[in-house]
Amino acid sequence: MTGYKKLLILIALMLLVICLSLGCSLVSRPEGSVDADAYTMDLNLDTEENILSGTVRIDLTNHTDKPLDKICIRNYAASILERLDAGESRITGAEAEDRKLKIRQRRDPSVLYIHFKKLEPGESMSVKLTYETDIPEWDGILGYHEKDGKTQYLLTYCFPMLSMFDNGRWNENPYTFRGESIYSGVSDYHVKLKIKGEDYTVAATGEESSDGNVTVIEAKDVRDMAIVASDYMEVKTDTAEGIRINNCILKWEGADQYNQFSMDAAKDAVEMYTENIGEYPYEELDVVQCFLDGSGMEYPGLVLIGCPVPWLRQEKAALDETGWFVQPCLLVAHEVAHQWFYAAVGNNQYEEPWLDESFAQYCESGIYGIGRPDSLRRAITAEEEYESSESEYGYEYGLLWDSEADARNEAEMLMNGSGVVAINKSVAWYEKKYRFWKNYDYNYDRQVYTNGAAFLFALRDAMEDEAFRQAMQRYYNIYCLKEAKGEVFLRIIKETNDSEQVQKVIDAFLEF
Ligand SMILES: [Zn+2]
């Protein structure tokens, strides 16, 4: 060791002492996770005041290498209600071991910090939150729809959850009405829900059992909780790959054919995704019919399936008379695919939305759509019969690709021409782009869904079917019930096939 080096070390040590005495730290920020081991919720749904209230106990463990003196809680309902100007969601109390804890809300009402003395690395604690949320009359993911004295409540994004502690930081991504922004790890949920009202049927993430107006829900290894309660919903059950599929349909006349397509599509999708991607990690899947305007939404073990828009506007009794049978099949195939990519393989939906949406769209169009299972073939035939009949709803098809050749053409066109900006950007990045380029060709849906599905199809074509399938299965099996990042998916792809052609596809669709 030279004298020069000794001098450098001495200077470094002096700087360290000065820095520590000033209260700053040369040590990198704490890494590792803070995990919610379980959520125990005791909830009341007041169907007269339309208020959800109760307590949520979060058992959590500090798996970082630093002591914690606060945790971040996300209450997305607060942001949704603020944006809708339709009430409030309030966390009114926080306690641990019967001691009150300080709650500090950020400017974003969905971000709250709960402060406490200290939680050492490896230690666990329980934080109990008391909260109350208005349920708006809104045909969105958090709201109720009422008609003729009958109601359906969609209770989602309304349960306070522990934020993700990722790379030494709490996730404070805002709630977004365009795209999705939830990012959470898996946990166990134990829920008791008491409904003020009679004859409510409840569908929820996990397994639910009702006794009178009390429903108990148990869900293991899920990254969120969704509950639907309605006094005109009934449940039809079937199985696929040993999984219990509950088709939760609303009790209206003349919807038998439509409802059956929904169930058959769910069964076909579960079978195809199990074969091509991997095993569904839960025992039950609820497919819930609702009033979302022709769209759907995914939660662990539960998907929301909105009815066709023209039909919703008119609310005619006979859904079968719309002749829209392909639409529910594709919607179900898409939302069910999110059980594999979002519920099982988690991702930061705000930072890397392509990891759930491009994959779900690829499953819908590249596996279910091109695969033409029985449900889809029958739906196309039934819909074509309506095309020539006097259906007042018009003809609505909606397949992204008719065949492999069609998908290949589109992928090649995108790779050789314009149309692809990048499929792997954050929701915020696309939001910024919207402001500058109000053009469908460049917007979030086009890039992340349509072009994202074309990217995965182009990869499959470049690698050949079997190698692509094995890479997808490997990715799925490694990250099932964990959280993935785009870079790890690409690493697995390149480990399977490192050819120039594969790199060309990646370069055409992704931007870093
Ligand atoms: Zn989706």
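**Helix packing and an open sheet**

Helix α8 (residues 404-416) packs with helix α10 (residues 444-463) at an angle of about 105°, and their axes are 9 Å apart. The model is predicted; local features need pLDDT of at least 70, side-chain atom pairs count only at pLDDT 80 or more, and totals for chains, interfaces and linings use all residues. Residues are numbered from 1 along each chain as its sequence is written. Helices (H or I, at least four residues) and strands (E, at least two) are DSSP runs, numbered from the N terminus. Axes are lines fitted to C-alpha atoms, for helices over the stretch in contact; angles run from 0 to 180 degrees between N-to-C directions.

α8 and α10 are therefore roughly perpendicular to each other (65 to 115 degrees). From α8, the contact (C-beta atoms, placed from the backbone, within 7 Å) is made by Ala407, Arg408, Glu410, Ala411, Leu414 and Met415. Asn451, Ala454, Phe457, Ala458 and Asp461 contribute from α10.

Elsewhere, five strands form an open sheet with mixed pairing (at least two DSSP bridges between two strands), in the order β19-β20-β21-β23-β22. β19 (233-240) and β22 (296-299) stand at the edges with a single partner strand each, so one side of each is left without a neighbour in the sheet. Neighbouring strands are turned by 15° against each other on average, direction ignored.

Strands β21 (residues 284-290) and β23 (residues 302-306) pair in the parallel sense over five bridges. Asp286 stands opposite Leu302 in β23. Helix α3 (residues 256-276) packs on the sheet and touches β19, β20 (243-250), β21 and β23. The direction of α3 makes about 155° with that of β20. Helix α5 (residues 326-337) lies across β21, β22 and β23, at about 155° to β23.

Definitions and conventions. Two residues are in contact if their C-beta atoms, placed from the backbone, lie within 7 Å. Angles under 35 degrees count as roughly parallel, over 145 as roughly antiparallel, 65 to 115 as roughly perpendicular and the rest as oblique.
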